[in-house]
Amino acid sequence: MEAGKEKDAVRTQRQVLLFVLLAIAQADFEPRHYSVAEEMESGSFVVNLLKDLGLEIGELAARGPRVISKGKKLNLQVDRQTGDVLLNEKLDREELCGRTEPCVLPFQVLLENPLQIFQAELQIRDINDNCPVFLDKEIILKISESIPPGTTFLIERAQDLDVGSNGLQNYTISPNFHFHLKLQDSPDGLLPQLVLNKALDREEQPEIRLTLTALDGGTPPKSGSAQVRIEVLDVNDHAPEFAKLLYEVQVPEDSPIGFLVAVVSANDVDIGTNGELSYTLFQASENIRKTFRINTESGELLLTQKLDFEAVDTYTVNIQATDGGGLSGGCVVFVQVMDLNDNPPELTMSTLLNHIPENLQDIVVAVFSVSDPDSGDNGRMVCFIQDDLPFVLKPSVENFYTLVSKEALDREQRAEYNITITVTDLGSPRLKTEHTIRVLVSDVNDNVPTFTQTSYTLFIRENNSPGLHLGTVSATDRDAGANAQVTYSLLPPRDPHLALASLVSIHAERGHLFALRALDFEALRAFEFRVGAADAGSPALSSEALVRVVVVDDNDHAPLVLYPPAPNGSVPCPELVPRAAEEGYLVSKVVAVDGDAGQNAWLSYQLLKATEPGLFRVWAHNGEVRTARPLGERDAAQHRLVVLVQDHGEPALSASVTLHVLLVDGFSQPYLPRPEGARDEAQADWLTVYLVIALASVSSLFLCSVLLFVALRLCRRRRAAWEEHYSVPEGHFPGHMVDVSRTGTLSQSYQYEVYLTGGSGTNEFKYLKPILPNFLSQGADSETNASLRNTFEFS
């Protein structure tokens with residue numbers, strides 16, 4: 001299922017890329033034309049994209065329409081619900097286009113999903129919102145009285161920012177007897193001229209004042225006026241003449257203020273004041289007057305402000321030279337601004353996707369456009385990103401680019417990319433613009449939780465308290481967020497007989513393992529189970545680890561003595577030892593077992609108490625009781641030995657057993673066991689017993705034979721009763737008798753048959769070989785067990 005989802009996601013991304021490529025291939029290169037009047041209020045309607053592009057309302061909203069204009073001169077918005085393109089602000093045609101007509105501004109309509117770009121042009125229609133304006137409110141003309149009627153005089157024209165029919169259309173002059181107005185067409189518009197109707201007479205009227213009015217063609221028309229003051233001069237019959245009527249110069253746009261643009265020169269053959277020339281800017285617009293100034297005496301044309309090729313690339317400057325007699329001449333200085341690479345490229349981001357999923361490729365991350373207002377190589381651009389990134393830039397139409405991932409990304413290797421888009425022009429020196437975008441890779445659940453160990457071994461001492469912390473398992477997930485949140489659980493055990501739910505529990509979030517009950521080493525020494533770790537992703541991924549719990553033995557069982565037995569309420573048969581026994585003679589062997597294991601089951605033996613301390617000794621490792629020296633006639637006949645059996649646990653546990661030893665002259669001597677209470681008295685009167693026995697032996701062989709016969713009969717009856725009372729019980733040994741070791745401990749798997757020889761005179765303690773291995777194993781044959789019930793017996 002997970003692989004299917006990934007394939008569907010890849011298929012979807014490939015379809016999106018196909019749509020992008022189709023949109024680029026099918027981009028509408030033929031621009032669409034729209035128009036709107038200037039000074040319309042913000043929110044005014046421009047065009048409806050639904051009708052123009054043939055789209056439905058739901059389709060248009062889903063495709064994410066956006067309007068982009070080069071240089072951000074147009075501020076338009078799209079209503080995605082209705083498809084209307086609206087103005088965001090008032091448009092001033094004169095500010096946007098100046099005197100250029102028609103005023104057409106290009107823009108693009110961008111549909112993001114799938115990507116499609118439409119070229120469009122918006123024409124700003126002029127309205128009559130500007131009045132004609134004379135830059136000089138008073139125009140001064142100096143005219144010689146000798147000028148004949150019919151002479152024409154140029155006067156300054158008015159400026160009107162509107163164009164077409166709204167521009168300047170007519171001039172009028174106030175009624176007078178000396179002048180009438182003549183209008184002349186020129187490439188720059190109407191030129192007003194005063195024509196002398198009647199010769200002037202300075203002595204009659206030295207000054208004439210007229211009102212010049214300029215009218216535009218609006219409805220209603222707007223007007224502006226200026227005063228014309230005519231000073232009548234004496235005769236001056238030569239006008240100034242320029243050496244060149246046209247000066248062409250090139251000025252770099254980075255020229256400083258005060259830069260000498262050109263030097264114009266005129267000549268007047270008159271002398272005196274009539275030959276003194278003064279240079280002025282003539283018919284100059286406000287922009288020219290702000291940009292240039294002329295030295296009235298030298299004719300030097302100087303810069304008064306910085307030039308900007310991107311704003312104005314050429315200037316036409318009219319210069320007039322006027323002599324002292326009022327005659328004038330003119331020339332033109334054509335200034336061409338030389339472009340410099342002074343504008344870095346501009347980058348406009350249209351679409352940006354800051355989060356992209358991992359394991360997918362060909363994802364459109366960003367759509368942007370670049371522009372440079374410079375010209376020539378200064379305006380040509382190249383665009384690139386870093387080489388070591390899994391992304392690629394693809395050029396589109398009209399300086400548009402798309403940033404696309406070229407391979408599947410892996411969040412675990414790298415979760416964030418800082419992509420620097422560099423745009424540089426080809427000018428000299430080259431200018432560049434850098435734009436950095438931050439792209440985050442979204443996590444997908446593609447990593448399985450991993451345990452820090454493939455298997456865990458935990459040790460717990462038996463008899464633990466319920467709820468004891470056994471240990472902790474830990475798993476990590478390389479994913480992020482919910483995909484990395486790991487929960488732990490106990491998996492069903494493979495052994496159906498293991499009640500795992502009653503033994504341990506696990507903390508689902510932290511992986512802590514706890515014991516639910518006290519464990520018994522003798523019942524359960526070790527068990528295994530599996531722990532699962534699953535993340536919270538969709539779909540969830542999981543792994544497992546093996547946990548082995550080893551129960552550590554505690555010293556909770558004291559040694560159990562199997563031989564010699566201690567029958568209740570009776571005195572066990574003594575160990576018979578001949579008086580001729582040498583040092584190291586084996587008297588008996590104490591056999592004990594311990595239900596514990598390891599060090600807790602290592603048993604050691606020691607002689608705790610003895611009737612005669614120096615006569616016997618016990619071997620510490622095997623429990624053998626041997627004579628410490630040769631026996632003699634002076635040694636007492638009866639001895640009581642207390643043997644202590646102790647394990648090596650912490651704390652050590654122990655048990656004791658009492659051995660009764662009877663010294664005899666051979667094994668023919670009768671033995672009459674006495675009650676337990678009479679032992680101390682017999683110990684005190686051992687010499688008397690010896691004398692009685694010796695006297696009886698010497699006195700009468702017959703009597704000795706009779707007594708021996710009687711003693712043997714009684715002893716056999718007692719022994720038969722003892723064997724019947726202390727025979728090995730039926731069934732298996734207790735389960736805690738385990739682990740045969742060098743310390744003398746018996747295993748569950750063995751039974752031993754031991755006896756003391758009666759006729760050899762050695763009275764040695766012998767061990768027979770194991771009768772049946774796996775004595776306590778389950779499923780043993782019942783008949784075999786029945787036949788072995790009384791195998792462990794003493795003779």
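Is R289 buried, partly exposed or exposed? R289 comes out as partly exposed, because its relative accessible area is 30%. (Buried is under 20% relative accessible area, exposed is over 50%, and partly exposed is in between, using a 1.4 Å probe and protein chains only.)

Before the close-ups, a word on the model. This is a predicted model, where local features need pLDDT of at least 70 and side-chain atom pairs count only at pLDDT 80 or more, while totals for chains, interfaces and linings use all residues. Residues are numbered from 1 along each chain as its sequence is written, and side-chain values use heavy atoms, with hydrogens and water left out.

**View 1. R289 reaches E156 through a salt bridge.**
Here the side chains of R289 and E156 meet at 3.2 Å, N to O. (A salt bridge is a side-chain nitrogen of Lys or Arg within 4 Å of a carboxyl oxygen of Asp or Glu.) R289 lies in helix α5 (residues 286-291) and E156 in the loop between β9 and β10 (168-173), so the pair ties together parts that are 133 residues apart in sequence. (Helices, H or I with at least four residues, and strands, E with at least two, are DSSP runs numbered from the N terminus.) Unlike the partly exposed R289, E156 is buried, with a relative accessible area of 9%.

**View 2. Some other salt bridges to look for.**
By the same rule, the count for the structure comes to 26 salt bridges. Side chains of opposite charge can pair when their charged atoms come close. One of these pairs is E94 with R93, at 3.3 Å from N to O; both E94 and R93 are buried. Another is K432 with E434, at 3.4 Å from N to O. There, K432 is exposed, with a relative accessible area of 52%, and E434 is partly exposed, at 48%. For something busier, find E138, E207, R209, R229 and E231, which are linked in a network of salt bridges.

**View 3. L196 sits in strand β12 and is buried.**
Strand β12 covers residues 189-196, and L196 has a relative accessible area of just 1%, so it counts as buried. What does L196 touch, if we skip residues up to four places away in sequence? The list is I147, P148, P149, G150, T151, F153, H178 and F179. (Contact means heavy atoms within 4.5 Å.) T152 is 44 residues from L196 along the chain, yet their C-alpha atoms are separated by 6.5 Å.

**View 4. Strand β12 belongs to an open sheet of 3 strands.**
The order is β9-β12-β11, and the pairing is antiparallel. (Two strands pair if DSSP finds at least two bridges between them.) The edges are β9 (152-154) and β11 (179-186), each with a single partner strand, so one side of each is left without a neighbour in the sheet. From one strand to the next, the twist averages 35 degrees. (Axes are lines fitted to C-alpha atoms, for helices over the stretch in contact, and angles run from 0 to 180 degrees between N-to-C directions.) β11 and β12 pair over 8 bridges, and L196 turns up again here as the bridge partner of F179.

**View 5. An open sheet of 4 strands has mixed pairing.**
Follow the strands in the order β25-β31-β30-β27. At the edges are β25 (355-357) and β27 (381-384), each pairing on one side only. Neighbouring strands are turned by 25 degrees against each other on average, direction ignored. β27 and β30 run antiparallel and are joined by 4 bridges; in β30, T424 is the bridge partner of V382.

**View 6. Aromatic rings pair up in this structure.**
The structure holds 10 aromatic pairs. (Rings of Phe, Tyr and Trp, the last by its six-membered ring, pair if their centres lie within 6.5 Å; planes under 30 degrees apart count as stacked, over 60 as edge-to-face and the rest as tilted.) F292 and Y315 are edge-to-face, because their ring centres are 5.2 Å apart and their planes stand at 80 degrees. This pair links F292 in strand β20 (residues 292-294) with Y315 in strand β22 (residues 314-322), 23 residues apart. Both F292 and Y315 are buried. F391 and Y417 have ring centres 5.5 Å apart and planes at 80 degrees, so that pair is edge-to-face too. Both F391 and Y417 are buried. Elsewhere, ring pairs link F451, Y456 and Y488 into a cluster.
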